[in-house]
Amino acid sequence: MDFNDSPEEAAYREAARAWLEKNAAEHKGGASANGRRPNSPEHMAMAKSWQAKKADAGYACITWPKEWGGAGGTPIQSVIFGQEEAKVGVNYGYFTIGLGMCVPTVMAFADAGTKTRFVKPAMRGEEIWCQLFSEPAGGSDVAAARTRAVRDGDDWVINGQKVWTTGAQYCDYGILLVRTDPDVPKHKGLTMFWIDMHDPAVEVRPIHQASGGSEFNEVYFTDLRVKDSQRLGEVGEGWKVALVTLMNERLAVGGSSGPDYKLIMDLARQTSGPGGPTMKDGAFREKLADWYVAAEGLKLTRFRTMTALSRGQTPGPESSIGKIIAANQMQDMSNQGVEMEDQYGILADPSEAPMQAAFQQSLLWAPGLRIAGGTDEILKNIIAERVLGLPGDVRVDKDVAFKDVPTGR
Ligand SMILES: Cc1cc2nc3c(=O)[nH]c(=O)nc-3n(C[C@H](O)[C@H](O)[C@H](O)COP(=O)(O)OP(=O)(O)OC[C@H]3O[C@@H](n4cnc5c(N)ncnc54)[C@H](O)[C@@H]3O)c2cc1C
């Protein structure tokens, strides 16, 4: 494992830092430490202008081929830039799903005309994409999609519902996984399309969250007509296409931002419990030691992923460990932080609450992080099967025609 940048990586980091120092200042103030976005027009405008600036400088989509406007760089360069960008507080969340998952899928499966039309505007932040996979009856089990597409001449007619679609309310386009053949087993009857989110047959209903925001949505399709030319991949091969999207999701290195053990130590220095100062409390100190050990383990695991990227290798399924640890630690630490703040723990306004409400906000965000991009249980299954080589999960519906899978009704 390499702990240090190679000379080339150090030079890249230095150049990125210098560029950020020169350009980030006027775009600060919009980033959210915990993944929440205010979704205001001003915030969006700021995010789009920052994205365009990065695109002009070759920092928007570092690993994408130059012919599509990328920098033709390496995954490790992308990680390095992401680390430096996070430090200067200009990390907007609007483009992550589109540029990290949807557009790479379009690049892998669309024809040249489609790519010419969509890739550059997405990279510059002019158009935003969403991922329409999860449904009320199938989230972890992506292949259980029930949204139906039926062929009609040169068109397909789509009816059904998706849910938890991040950003659908401000997205322009989406990639949509649908069932085109219910007579074959679930993985074989799926097809992927790109769709226009502004089509009147697409209805977006924001979901109001406990945190006060509405980051994701229900999306309904009522006789939505799409051209066959909007198909990504072959008919019936949507699962293969979805795997490319999901692989890109799992490859997202970095993990969650939010309070760390140093911040809770700061809080402990300022607070007291019934037995005296929190910092002297044995139970707190025990927890602090656990968080420190987990944070160090996580850091080393990330170094392992970074080392693989640096050597031009693809990180393995062990990168699933990172999200389980980070999300659970965030939830546990935030819970403790809010309790330590006593009556002030109920204030979530950053201008009023201690530590700018970092613990309150991450307490509300942590459960979502434990679900998004693979729940704890699904990631544990991946680790068990693909890292530890344990026997596979029970998959009783794998070889059954989708229409014959019992639905409980
Ligand atoms: C913040 C956030 C953003 C999201 N954004 C998007 C998006 O943009 N687009 C999109 O398509 N989806 C999105 N999702 C949806 C997300 O992918 C799903 O919520 C997730 O896959 C879980 O699916 P589910 O909610 O249907 O839960 P279910 O799959 O119904 O799971 C319910 C429970 O059962 C457990 N479980 C399920 N299967 C197994 C198994 N085989 N073994 C053991 N336990 C199991 C799960 O771990 C969970 O605890 C988002 C979710 C969140 C929280």
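Reader: Which residue takes a positive phi in the hairpin of β2 and β3?

Author: That's G153, with a phi near 65°. The hairpin has 2 residues between the strands. Keep in mind that this is a predicted model.

Reader: Ok! And how many bridges do β2 and β3 share?

Author: They pair over 5 bridges, in the antiparallel sense, with β2 covering residues 148–152. One pair to look up is V150, whose bridge partner in β3 is V157.

Reader: What else does β3 pair with?

Author: Try β7, residues 216–227: 10 bridges join β3 to β7, and the two run antiparallel. I158 stands opposite L224 in β7, and V163 stands opposite E218.

Reader: Which other strand pairs with β7, then?

Author: β6, residues 202–206, pairs with β7 over 5 bridges, again in the antiparallel sense. There, P206 has N217 as its bridge partner in β7.

Reader: So which way do side chains point in a strand?

Author: In a regular strand they alternate between the two faces of the sheet.

Reader: What's up with the phi of D223?

Author: D223 has a positive phi of about 50° although it is not a glycine. You'll find D223 in strand β7.

Reader: Is D223 buried or exposed?

Author: D223 counts as exposed, because it has 9 C-beta neighbours inside 10 Å, and the cut-off for exposed is 12 or fewer.

Reader: Where's M355, and what is its phi?

Author: M355 is in the loop between α9 and α10. Its phi is positive, about 50°, and M355 is not a glycine either. M355 is partly exposed, because 18 other C-beta atoms lie within 10 Å.

Reader: Switching to helices. How far does α9 reach?

Author: α9 runs over residues 320–340, so 21 residues, and reaches 31 Å from its first C-alpha to its last. That is close to the 30 Å expected at 1.5 Å a residue.

Reader: And is α9 mostly covered or mostly open?

Author: Mostly covered: 15 of its 21 residues are buried. Just after α9 comes D342, with a positive phi of about 55°.

Reader: What about α2, which residues are buried there?

Author: A47, W50, Q51, K54 and A55 are the buried residues of α2. They cover an arc of only 140° around the axis, which puts them on the same side of α2.

Reader: Why would residues that aren't next to each other in sequence point the same way?

Author: An α-helix has 3.6 residues a turn, so residues three or four places apart point the same way.

Reader: Ah, nice. What sits on the face of α2 turned away from the buried side?

Author: Exposed residues: P41, E42, A45 and D56. As for its span, α2 covers residues 41–57, which makes 17 residues, and reaches 25 Å, close to the expected 24 Å.

Reader: Ok, bigger picture. Which domains does the chain have?

Author: The domain assignment gives domain 1 (7–94), domain 2 (129–242) and domain 3 (253–387). The C-alpha centres of domain 1 and domain 3 lie 24 Å apart.

Reader: Where does the ligand's shell lie?

Author: Domain 2 and domain 3 both give residues to the shell around the ligand, so it lies between them.

Reader: How many residues surround the ligand?

Author: 20 residues do, and the closest are S134, G139, S140, T375 and E377. β1, β3, α10 and α11 each supply at least two residues of the shell.

Reader: What kinds of residues are in that shell?

Author: By class, there are 9 nonpolar, 9 polar and 2 charged residues.

Reader: Last topic: how far apart are T105 and R269?

Author: They're 164 residues apart in sequence and 48 Å apart in space, C-alpha to C-alpha. T105 lies in helix α4, residues 96–109, and T105 counts as buried because it has 24 C-beta neighbours inside 10 Å.

Reader: And A242 versus P274: what are the distances there?

Author: A242 and P274 are 32 residues apart in sequence and 53 Å apart in space, C-alpha to C-alpha. A242 is found in helix α6, residues 238–251, and A242 counts as buried because it has 23 C-beta neighbours inside 10 Å.

Methods. Residues are numbered from 1 along each chain as its sequence is written. This is a predicted model: local features need pLDDT of at least 70, side-chain atom pairs count only at pLDDT 80 or more; totals for chains, interfaces and linings use all residues. A residue is near a molecule or strand if its C-beta atom, placed from the backbone, lies within 6 Å of it. Helices (H or I, at least four residues) and strands (E, at least two) are DSSP runs, numbered from the N terminus. Ala, Val, Leu, Ile, Met, Phe, Trp, Tyr, Cys and Pro count as nonpolar, Asp, Glu, Lys and Arg as charged, and the others, Gly among them, as polar. Domain bounds come from an automatic or database domain assignment. The expected span of a helix is 1.5 Å times one less than its number of residues. A residue is buried if 20 or more other C-beta atoms lie within 10 Å of its own, exposed if 12 or fewer, and partly exposed in between; C-beta atoms are placed from the backbone. Two strands pair if DSSP finds at least two bridges between them. The arc is that of the directions from the helix axis to the C-beta atoms.
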